[in-house]
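Q: I should like to learn how to read the contacts within a protein model. Where should one begin?

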Amino acid sequence: MMHRLFVSPVALQERLVVISDEAFHHLSVLRLRVGDEVLLLDGSGHLARVILRQLSRSTAQAEVLERWEEGEALLPLRLIQGLPKGEKFEWLLEKGVELGISAFTPVLTARSQLRGEKTARWQRIIQEAARQSRRPLLPVLEELQPLAAALTATTETLRLMLWEEGSIPLNSALPPQAPASCVLLVGPEGGFAAAEADLAMTAGFIPVSLGKRILRTETAGMAVAAVLQNRYGDFGTSSSGKDQVRC
Ligand code: SAH
């Protein structure tokens with residue numbers, strides 16, 4: 001298994017790719033040497049198999065041997081998540097990437113306690129999880145915003161609000177055919193205020209119940225992401241079935 005590293009799209013365009021910053025740090029940790037091959041990804045579907053030609057103190061140069069593109073995400077899936085406590089959100093980002101979520105929108109709600117936005121740290125967690133789970137596309141992290149703003153900006157065709165007071169069981173809310181795109185809305189530890197649930201329904205979200213058990217905020221979205229991957233996404237495909245375009 002070849003090591004995978006994310007580099008910037010601009011860097012990957014060159015025949016001799018310069019590897020610096022975090023990707024270089026990774027190279028060092030892995031103790032890779034001149035002559036070793038690695039897989040470079042730009043996070044938007046471009047990949048290159050490269051051979052290391054030169055290593056210096058803070059950068060490496062690698063020559064491209066082969067390039068190709070890979071797609072993914074049979075189901076574009078976004079999670080709008082009421083921001084929970086720090087560690088929980090970080091756990092959720094990692095697991096969400098593994099489960100094929102393509103975008104995360106952290107939101108502030110009536111019952112969120114105000115907590116800081118840690119964009120750089122969150123991006124790193126997403127990137128590391130994408131590397132580890134071999135995703136060619138880097139999931140998007142949107143900026144922390146008020147719930148109302150996120151609801152207004154929603155464009156997905158299937159919109160599900162996980163709400164313990166919802167009356168529609170998950171299965172009844174899922175159409176027989178795969179939707180073009182899907183968004184999940186999950187509350188923070190304290191759940192949604194009634195007015196927020198109303199607002200979401202006005203914005204076209206179906207209030208879905210997962211039954212009598214109350215799941216922790218970081219569990220609820222992950223459970224439903226798995227269900228959606230099974231029904232519409234790539235849990236049903238073989239891991240060797242590659243949809244690659246050589247170029
Ligand atoms: N307000 C509740 C629990 C909130 S759980 C209380 O404190 O008793 C946090 C979030 O997880 C909820 O906002 C909801 O989005 C989701 N969730 C947890 N259990 C759920 C269930 N049984 N059905 C639907 N959503 C659930």
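A: One may begin with the polar contact, which is a pair of N or O atoms within 3.5 Å; within protein, one atom must be able to donate a hydrogen and the other to accept it. The model shown here is predicted. Between domain 1 and domain 2, three residue pairs are in polar contact, with both residues at pLDDT 80 or more.

Q: Where do domain 1 and domain 2 lie along the chain?

A: Domain 1 covers residues 4-70, and domain 2 covers residues 77-231. Their C-alpha centres are 33 Å apart. Eleven residues from domain 1 and ten residues from domain 2 take part in the contact.

Q: How is the size of an interface expressed?

A: It is often given as the accessible area lost when the parts come together. For domain 1 and domain 2, the buried area is about 950 Å², and carbon and sulfur atoms give 57% of that area. On the side of domain 1, the residues that lose the most area to domain 2 are Arg-4, Phe-6 and Glu-22, which together account for 60% of what that side buries.

Q: How many salt bridges does the rule find across the interface of domain 1 and domain 2?

A: A salt bridge requires a side-chain nitrogen of Lys or Arg within 4 Å of a carboxyl oxygen of Asp or Glu. By this rule, zero salt bridges cross the interface of domain 1 and domain 2.

Q: Which elements give two or more residues to the side of domain 1 that touches domain 2?

A: These are strand S1 (4-6) and helix H2 (21-29). S1 gives the most to that side, with three residues. By residue class, the side of domain 1 that touches domain 2 comprises four nonpolar, four polar and three charged residues.

Q: How many salt bridges does a search of the whole structure find?

A: The search of the whole structure finds twelve. One salt bridge joins the side chains of Arg-121 and Glu-90, at 2.7 Å from N to O. This pair links distant parts of the chain, with Arg-121 in helix H4 (residues 119-132) and Glu-90 in helix H3 (residues 86-98), 31 residues apart.

Q: Which residues come nearest to the ligand?

A: A residue is counted as near if one of its heavy atoms lies within 4 Å of the molecule. There are 18 residues around the ligand, and Leu-162, Leu-210, Gly-211, Arg-213 and Leu-215 come nearest.

Q: Which side-chain and backbone atoms lie beside nitrogen atoms of the ligand?

A: A polar side-chain atom of Glu-164 is 3.0 Å from a ligand nitrogen. Polar backbone atoms also take part: that of Gly-190 is 3.2 Å from a nitrogen atom of the ligand, and that of Trp-163 is 3.3 Å from a nitrogen atom of the ligand.

Conventions: Residues are numbered from 1 along each chain as its sequence is written. This is a predicted model: local features need pLDDT of at least 70, side-chain atom pairs count only at pLDDT 80 or more; totals for chains, interfaces and linings use all residues. Side-chain values use heavy atoms; hydrogens and water are left out. Domain bounds come from an automatic or database domain assignment. Contact means heavy atoms within 4.5 Å. Buried area is the accessible area (1.4 Å probe) that two parts lose on being put together, summed over both. Helices (H or I, at least four residues) and strands (E, at least two) are DSSP runs, numbered from the N terminus. Ala, Val, Leu, Ile, Met, Phe, Trp, Tyr, Cys and Pro count as nonpolar, Asp, Glu, Lys and Arg as charged, and the others, Gly among them, as polar.
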